[in-house]
Amino acid sequence: MASRLFGYVLLLGFCALVGCSDNGLVPVKGLVLVDGKPIENAAVLFQPEGGGVPATGVTGPNGEFTLSTAGVGEGATAGMNGVSVVKSVVAQPNKKIEESEIVPMKYETPIKYVSPKTSGISIDVKPGMQPVELKLTSGK
């Protein structure tokens, strides 16, 4: 019994040191750059490749983001995660829009990054990881 208790205490201590949480999530922070420049108000999604709840965040003025998982807490699921980054804006911002009208949108991020399946970006989320830097290219 004492050895089992010691094992639990050791595990909790390890998690406190490396950044585990009691909900199984790992804290993830990062930066999004498009052609070397930070992008603001872009949605970042980490989708666990083994299944599970995705983690999301929104970039601030310097392109920085912090991930959280809806209903679970701060961080992302440990393991490989496919990544998507998207920022869309109203295509015609000065056009008057009627109540039930569909608003045309355009992407300010390259279209290939809209889905984790097409972005070509996978991140291995693990305790103690450094902030990630997502370098997107527009191909211009």
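1. Let's start with Val 58. In this predicted model, Val 58 has a relative accessibility of 53% and therefore counts as exposed, since the cut-off for that class is over 50%. Val 58 belongs to strand S5, which covers residues 55-58.

2. What does Val 58 touch beyond its neighbours within four places in sequence? The contacts are with Asn 41, Ala 42, Glu 64 and Phe 65. If you would like a backbone distance to check in your viewer, the C-alpha atoms of Val 58 and Leu 45 lie 8.9 Å apart, with these positions 13 residues apart along the chain.

3. Ile 97 is worth a look as well. Its relative accessible area is 38%, so Ile 97 is classed as partly exposed. You will find Ile 97 in the loop that runs between strand S11 (88-90) and strand S12 (105-107).

4. Ile 97 also takes part in a nonpolar patch on the surface. Val 90 and Met 105 are the other members, and the patch measures about 230 Å².

5. Now for the protein overall. Its secondary structure consists of 14 strands and 2 helices. Of the contacts with a separation of 6 or more, 60% join residues that are 24 or more positions apart.

6. Last, the surface and the interior. About 9000 Å² of the protein is exposed, and 58% of that area comes from carbon and sulfur atoms. The protein has 140 residues, of which 28% are buried.

Note on methods. Residues are numbered from 1 along each chain as its sequence is written. This is a predicted model: local features need pLDDT of at least 70, side-chain atom pairs count only at pLDDT 80 or more; totals for chains, interfaces and linings use all residues. Side-chain values use heavy atoms; hydrogens and water are left out. Helices (H or I, at least four residues) and strands (E, at least two) are DSSP runs, numbered from the N terminus. Buried means under 20% relative accessible area, exposed over 50%, partly exposed in between (1.4 Å probe, protein chains only). Contact means heavy atoms within 4.5 Å. Patches are made of residues with over 30% relative accessible area and no salt bridge: like charges are joined within 9 Å, nonpolar side chains (Val, Leu, Ile, Met, Phe, Trp, Tyr) within 5 Å. Accessible areas come from the Shrake-Rupley method with a 1.4 Å probe; for residues, only the protein chains shown count as cover. A salt bridge is a side-chain nitrogen of Lys or Arg within 4 Å of a carboxyl oxygen of Asp or Glu.
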